[in-house]
Amino acid sequence: MTASTVAFFTADDYRARMERAARAAAGAGLAGLLVAPGPDLVWLTGYTPPAVTERLTLLVLAPGQDPVLVVPALEAPDARQAAGAPALTLRDWTDGKDPYAATAALLDARGRFGVSDNAWALHLLALQQAVPGSSYASLTEALPMLRAVKDAAELELMTAAGAAADAAFEEIREVPFAGRRESEVAADLDRLLRRHGHEQVDFTIVASGPNGADPHHEAGDRVIDRGDMVVLDFGGLKDGYGSDTSRTVHVGEPTDEERRVHDVVRAAQEAGFRAVRPGAACQDVDRAARAVIADAGYGEYFIHRTGHGIGVTTHEPPYMIEGEERPLVPGMCFSVEPGVYLPGRFGVRIEDIVTVTEDGGRRLNTTTRELVIVE
């Protein structure tokens, strides 16, 4: 999430998020939350520090207390400009002072706190020393669903990000593939995502031929040839919210086997999407997609979970995986992306971002899931 996101949310929006987070912390048996710079801090306050440094910046949320943002004095003017600043108290500290002692005064001396996952060990260990009776849990472990359910404004931004990624795909399918390096096509994807409004590109996977059997292949120097299946997986942030889509294209006419595998994955992706409904378990989406691939004889070649949550980051809870019994709730957004990966030969993945509605699911990616032929 970047400064451009500020325009979409008001101080009241951030106040409501912080209040909800404090209530969730109490419900989880926590004395409060300690939120360092990163996506959680931006989502809760609208504030992104001008630089990530060793100086302590920390949002302290506790039930029944006003939110407090501890910031270095030299960055306090920027913090006061954040959209959520009117909903919290700023407490600044100057170099030469002990920020941990100042923060310790805000904490329950024997409390257990949820800490954002990207907090520096340097800061957490210093706080532990300043408040020796305290204990900590990662925010993802303690409150994995904190950001999972999107409100109407967030869903609008997610929908726009998905549409921008779709527009990039419609253009990339028209560029030449044969005779070009994977890295060149990946650069085209990066450029197209930015042209359609992405301020941040997180990944542009272009995996051709045998490289397609590696789900997280890094686009390299391999020259794409006629006859190659090519997995395209790309996304990033537009106005602070994520896109992530995968389509598999073929350079020239595919073989019968390549078409068959693609049809299996397409049917699996459809089955996963059809399993999305309020109250269904996350693992139900995985099971539905996986069953189609297993029944077709390719079960051992589907080697990753069916999906992951997405929002202000491109990968976050919830996860569509066996053993995740958490129920789906309207407003959740996640990928449905089954795949088949045949080592040394080729791979196929088809991915849409889906949001849970009141009576089912809605795709945020609408480009064709048929096998696209490129040149």
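I began with Pro 318, which I located in strand β12, residues 316-320. The model I am reading is predicted.

I then examined the backbone at that position. Pro 317 and Pro 318 are joined by a cis peptide bond, with omega about 5°.

I next looked up Asp 239. This residue sits in the loop that runs between β8 (229-238) and β9 (241-242). I noted that its phi is near 50°, a positive value in a residue that is not glycine. For context, I recorded that most residues other than glycine have a negative phi, and that most peptide bonds are trans. Is Asp 239 buried or exposed? I found a relative accessible area of 18% for Asp 239, and because buried means under 20%, Asp 239 counts as buried.

I turned to the nonpolar packing. Which members of the largest nonpolar core touch the most other members? I listed Leu 33, Leu 44, Leu 59 and Leu 69, out of 35 residues in that core. Several elements each supply at least two residues of this core, including α1 (11-27), β1 (32-35), β3 (68-72) and α7 (152-172). I entered α1 as the source of the largest share, 4 residues.

I followed Leu 33 further. Setting aside neighbours within four places in sequence, I found Leu 33 in contact with Ala 21, Ala 25, Leu 59, Val 60, Leu 61, Phe 113, Gly 114, Leu 139 and Leu 143. Leu 59 thus appears both in this contact list and among the core residues that touch the most other members.

Finally, I noted a second, separate core of 21 residues; among them are Phe 169, Ile 172, Phe 177 and Val 185.

Key:
Residues are numbered from 1 along each chain as its sequence is written. This is a predicted model: local features need pLDDT of at least 70, side-chain atom pairs count only at pLDDT 80 or more; totals for chains, interfaces and linings use all residues. Side-chain values use heavy atoms; hydrogens and water are left out. Buried means under 20% relative accessible area, exposed over 50%, partly exposed in between (1.4 Å probe, protein chains only). A nonpolar core is a set of buried Ala, Val, Leu, Ile, Met, Phe, Trp, Tyr and Cys residues joined through side-chain atoms within 4.5 Å. Contact means heavy atoms within 4.5 Å.
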